[in-house]
There are 2 protein chains.
Amino acid sequence: MTTPRVMPALANEAWEQLLAAYGTLMRLYAAEDRWDEVSMREYDVLYTLSKCPAPVRLSELNRHVLLSQPALSRLVDRLAERGLVDRCTDPADGRGVRLSLTAAGRAVQQRAGRGHARTVARAMTAGLNHDELGQLAALCRKLAAAHDKDLT
Amino acid sequence: MTTPRVMPALANEAWEQLLAAYGTLMRLYAAEDRWDEVSMREYDVLYTLSKCPAPVRLSELNRHVLLSQPALSRLVDRLAERGLVDRCTDPADGRGVRLSLTAAGRAVQQRAGRGHARTVARAMTAGLNHDELGQLAALCRKLAAAHDKDLT
DNA sequence: TGAGGATAGATGCAAACGCATATATAACTA
DNA sequence: TAGTTATATATGCGTTTGCATCTATCCTCA
């Protein structure tokens, strides 16, 4: 009753713009000359791990990385083989693994991260001012929060 | 001078939240039981074509679909083989192709689109109200617009 | 305690991807 | 207008992805 009929269209428009912004920025980042050591997806994993104070489960990592479980499992495989990620069986649960960055992995993450963060900052501030960035962050956070409980 | 030192961090935070929101919603959409006829990526192409009044070039389509040019070329291939997309050589430029939906393609797009649009609307309105949706759309539009000229 | 079911992650396999490059046509230039 | 360069799309190939399924471990409850 309090929901005007026009909302669905607006909602779809908002999603479409979000998608467009995502696409535009991803292309921009992909075009950077920085992904020779680690691909953008690998960086995503290293970055996520870098923010975890303690070793993480694959399934937990998978909540933050948009990949299927098998794909992530193998991606971590490759990173482990390259010595960037440490993967050991969880002593408390023999089924699970505990993932963490190695020193080399942290170094690679930071090396790529510094430059990338600058690019991101430049890209975001090119279109939005301080207040707008805050609003965008808040809106996206709220949007995601409304669904974090939904999926497993 | 007018840019406070704190902005880079805010800018990166905004990007991270945008990314998180994108991921959360994509997972939600992927979990829908609707992608048996066309995959989400195929739908993206059909949807984009459905919004074009006239036949489109592959390169133009590629501006809206986040795929490499060869990947899109082959995706369109598959859609054409399935009779959903019409691909003909551009009479005005023998190198290029003109892409458009077939009647069947339009039907499939609409069939999938109706339900998907409802899901999107539900997902977006679950977290944000009318005003917030408008703000989000505007911010994303502005953000993307700041870069549309950048890349070819 | 031990059988049945649930959960975490790994693996087989076909499909799809990106990179490099080939092909075909157009556009420019001398 | 012939030769050169640029543009639009296609193709070869090795890598990565997702789906289905497997294995190993854990949990529950009779």
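Here is a quick look at how two protein chains pair up and which residues sit around two DNA strands.

This is a predicted model, where local features need pLDDT of at least 70, side-chain atom pairs count only at pLDDT 80 or more, and totals for chains, interfaces and linings use all residues. Residues are numbered from 1 along each chain as its sequence is written, while chains are lettered from A and ligands numbered from 1 in the order in which they are written.

**The pair.** Chain B lands on chain A after a rotation of 180 degrees with 0.0 Å of shift along the axis, at an RMSD of 0.0 Å (least squares on the C-alpha atoms of residues with pLDDT of at least 70 in both). The two copies are thus related as by a two-fold rotation axis. In chain B, the C-alpha of B:Leu136 comes closest to that axis, at 3.3 Å.

**The DNA.** A residue counts as near a strand if its C-beta atom, placed from the backbone, lies within 6 Å of it. Classes go like this: Ala, Val, Leu, Ile, Met, Phe, Trp, Tyr, Cys and Pro are nonpolar, Asp, Glu, Lys and Arg charged, and the others, Gly among them, polar.

| Surface near | Nonpolar | Polar | Charged |
|---|---|---|---|
| DNA strand C | seven residues | six residues | eight residues |
| DNA strand D | seven residues | six residues | seven residues |

Around DNA strand C there are 21 residues, with A:Ser59, A:Pro70, A:Ser73, B:Ala71 and B:Gly94 the closest. Helix 4 of chain B gives the most to this surface, with five residues (helices are DSSP runs of H or I, at least four residues, numbered from the N terminus). DNA strand D has 20 residues around it, and A:Ala71, A:Gly94, B:Ser59, B:Pro70 and B:Gly96 come nearest.

Key. Helix = DSSP H or I, 4+ residues; strand = E, 2+ residues; numbered from the N terminus.
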